[in-house]
Amino acid sequence: MFHAYRPADFPAVAAFARRQPEFEYLKAIIRMHEEARVRGARAVWRESNRVIAFCAVAFPNPRDAWLYGMRVDDRFKGQGIATRLTRALFGLARQAGRTWVALDTKDVASKAPVFRICDRLGMTHLATHATTMLWNSGLGFVRPRLEPAHGPWPHTGARLVMRQRFPLWIWERPAAGPRLSLLAGARVLVEYDVCPGRRWAVVNAFERPQDTRAFVRGLLGLAHGRRRGVVLVSPAAWQPALRRAARALVPGLVRGVDSSFDAWRIYGRRLK
Ligand SMILES: CC(C)(COP(=O)(O)OP(=O)(O)OC[C@H]1O[C@@H](n2cnc3c(N)ncnc32)[C@H](O)[C@@H]1OP(=O)(O)O)[C@@H](O)C(=O)NCCC(=O)NCCS
C-alpha cells in the first residue's frame, strides 16, 4: 500500500537501501525534502505494515513532476512493487496539478527493469543525454567570455533542460526559453550550482560545436579554480568526440577521479 513517507520510516528504508548502490544519494534526496529545499513528496510502499520500497517526486516548476530515488527491498523485487508505487506517484503528481511526469535512469543494461516499468506505464523514451563531468582540472584554462546568443530556441529532440539542484539532477521543460550564451560558437545554457565548498558550472548544449576542442577548452575555463567543475549535458552521440577532446587537453584524466562520462535515458509522459 502507498503511504506518505514519515521521518520515522528512515530506519526501515535504510535497512534495505544501504545494501544497494547509491545510498548516499538516496539519503541526500530524503534530506533535501526534509529541509524543504525541494517541492514535492516522498512515499513508501508497505506490505503487512512493513516498509518495502521508497520513492520521491520533485516539482521543479508548476507543470512538471520528476521521480527519483526508487528503491525496492531486494527480497520483494520482481513483484510489481515499483510499478505500483510509480503509478501511485503519478496520481499524487496529478492531484498536485502537474501535467507531465518524467524520470531519468542510467543507460546501462542493469536498468532494464526501469526501462520496462516506464514502457508499461506509458512513458516515452524522450532522449538519451550524456553528462560529461570534469573537475579539479580547470587550472590553467582561461575563463571564456560568454556572449549572449540570439535567435529561436534550438531544438535537439526533446525540449529538456537539466538543472542541478545539488545533489539532485532534474530534467525539466522550461516554460520560456532561458537565456542562452555562445560558447565557442555553440548555443548553450550556463547556470551555476553553488553548494558548500564547491562551485559547478552546469552547461546544457543545444548545438553541436564546430570546434570540439575549443568548446571543451571553454568548458574547462568555466571550471577554473579549486573545487570547481563543470557538467555538460549533451545528446549522447556527441560524447565520444567530447571525451577525446578532454583527454587531449588534459592528459591523464582518470574516470571517477577527475572526470566521468555517463549517459542517461529520460522518460516522460503527459498526465491527464
Ligand atoms: C529497479 C527497481 C526499482 C525495480 O523494482 P521492482 O519492484 O522489482 O519492479 P517491478 O517488479 O515493478 O517491475 C520490474 C519489471 O522489469 C522486468 N525485468 C526485470 N529484470 C529485467 C531484465 N533484466 N530485463 C528486462 N526486464 C526485466 C520485470 O519482469 C518487470 O516487468 P513485468 O512486470 O512486465 O514482468 C528495483 O530493482 C531496485 O530497487 N533496484 C535498485 C535501485 C534502482 O536501480 N532504482 C532505479 C533508479 S532509476
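A residue counts as buried if 20 or more other C-beta atoms lie within 10 Å of its own, as exposed if 12 or fewer do, and as partly exposed in between. Keep that scale in mind as we walk through this predicted model.

Let us try the scale on Met32, a residue in helix α2. Because Met32 has 19 C-beta neighbours inside 10 Å, it counts as partly exposed. Leaving aside neighbours within four places in sequence, Met32 is in contact with Arg37, Val38 and Leu168. The last of these partners is 136 residues away from Met32 along the chain, yet their C-alpha atoms are separated by 9.0 Å.

That contact brings us to the domains. The domain assignment divides the chain into domain 1 (2-98) and domain 2 (128-269), and the C-alpha centres of the two lie 29 Å apart. Where they touch, domain 1 contributes 11 residues and domain 2 contributes eight residues. On the domain 1 side, α2 (23-34) and β4 each supply at least two residues. Helix α2 has the largest share of that side, four residues. What is the chemical character of the side of domain 1 that touches domain 2? Its residues divide into nine nonpolar, one polar and one charged.

The nonpolar theme carries on in the interior. The largest nonpolar core has 69 residues, and those that touch the most other members are Ala53, Cys55, Trp66, Leu67, Val203, Leu219 and Val230. Strand β3 (residues 50-58) provides the largest share of this core, eight residues. Why does this core lie between domain 1 and domain 2? It does so because both domain 1 (2-98) and domain 2 (128-269) give residues to it. As background, nonpolar side chains in soluble globular proteins tend to be buried together.

Val230 is a good place to look around in this core. Not counting residues up to four places away in sequence, Val230 touches Leu134, Trp200, Ala201, Val203, Leu219, Leu222 and Ala223. Among these partners, Val203 and Leu219 appear with Val230 in the list of core residues that touch the most other members.

From here we can follow the strands. Strand β13 (residues 228-235) is mostly covered, with seven of its eight residues buried. Strands β6 and β13 pair in the antiparallel sense over seven bridges, and in this pairing Thr131 stands opposite Val233 in β13. Strand β6 (residues 124-135) also pairs with β14, again in the antiparallel sense, over 10 bridges. In that pairing, Thr131 stands opposite Asp262 in β14. Strand β14 (residues 259-270) in turn runs antiparallel to strand β5 (residues 100-106), and seven bridges join the two. Here you can pick out Val101, whose bridge partner in β14 is Arg269.

Now for the ligand. Which residues come nearest to the ligand? Of the 18 residues around the ligand, the nearest are Lys77, Ala82, Thr83, Ala112 and Pro113. The elements that give two or more residues to this shell are β4 (64-72), α3 (81-95) and α4 (112-120). Helix α4 gives the most, with six residues. The shell is chemically mixed, dividing into eight nonpolar, six polar and four charged residues.

Some loops deserve a visit too. Ser48 sits in the loop between β2 (40-47) and β3, and Asn49 lies in the loop between β2 and β3 as well. What is notable about the backbone of Ser48? Ser48 has a positive phi of about 50 degrees although it is not a glycine. Asn49, also not a glycine, has a positive phi of about 65 degrees. For context, most residues other than glycine have a negative phi. Are these two residues buried or exposed? Ser48 is exposed, because 6 other C-beta atoms lie within 10 Å and 12 or fewer is the limit for that class. Asn49 is exposed too, with 6 other C-beta atoms within 10 Å.

Our last stop is Pro178, in the loop between β9 (168-172) and β10 (181-183). Because Pro178 has 13 C-beta neighbours inside 10 Å, it counts as partly exposed. Not counting residues up to four places away in sequence, Pro178 touches Val161 and Leu189. Pro178 and Leu189 are 11 residues apart in sequence, and their C-alpha atoms are 7.4 Å apart in space.

Methods
Residues are numbered from 1 along each chain as its sequence is written. This is a predicted model: local features need pLDDT of at least 70, side-chain atom pairs count only at pLDDT 80 or more; totals for chains, interfaces and linings use all residues. A residue is near a molecule or strand if its C-beta atom, placed from the backbone, lies within 6 Å of it. Ala, Val, Leu, Ile, Met, Phe, Trp, Tyr, Cys and Pro count as nonpolar, Asp, Glu, Lys and Arg as charged, and the others, Gly among them, as polar. Two strands pair if DSSP finds at least two bridges between them. Domain bounds come from an automatic or database domain assignment. Two residues are in contact if their C-beta atoms, placed from the backbone, lie within 7 Å. A nonpolar core is a set of buried Ala, Val, Leu, Ile, Met, Phe, Trp, Tyr and Cys residues joined through C-beta atoms within 7 Å.
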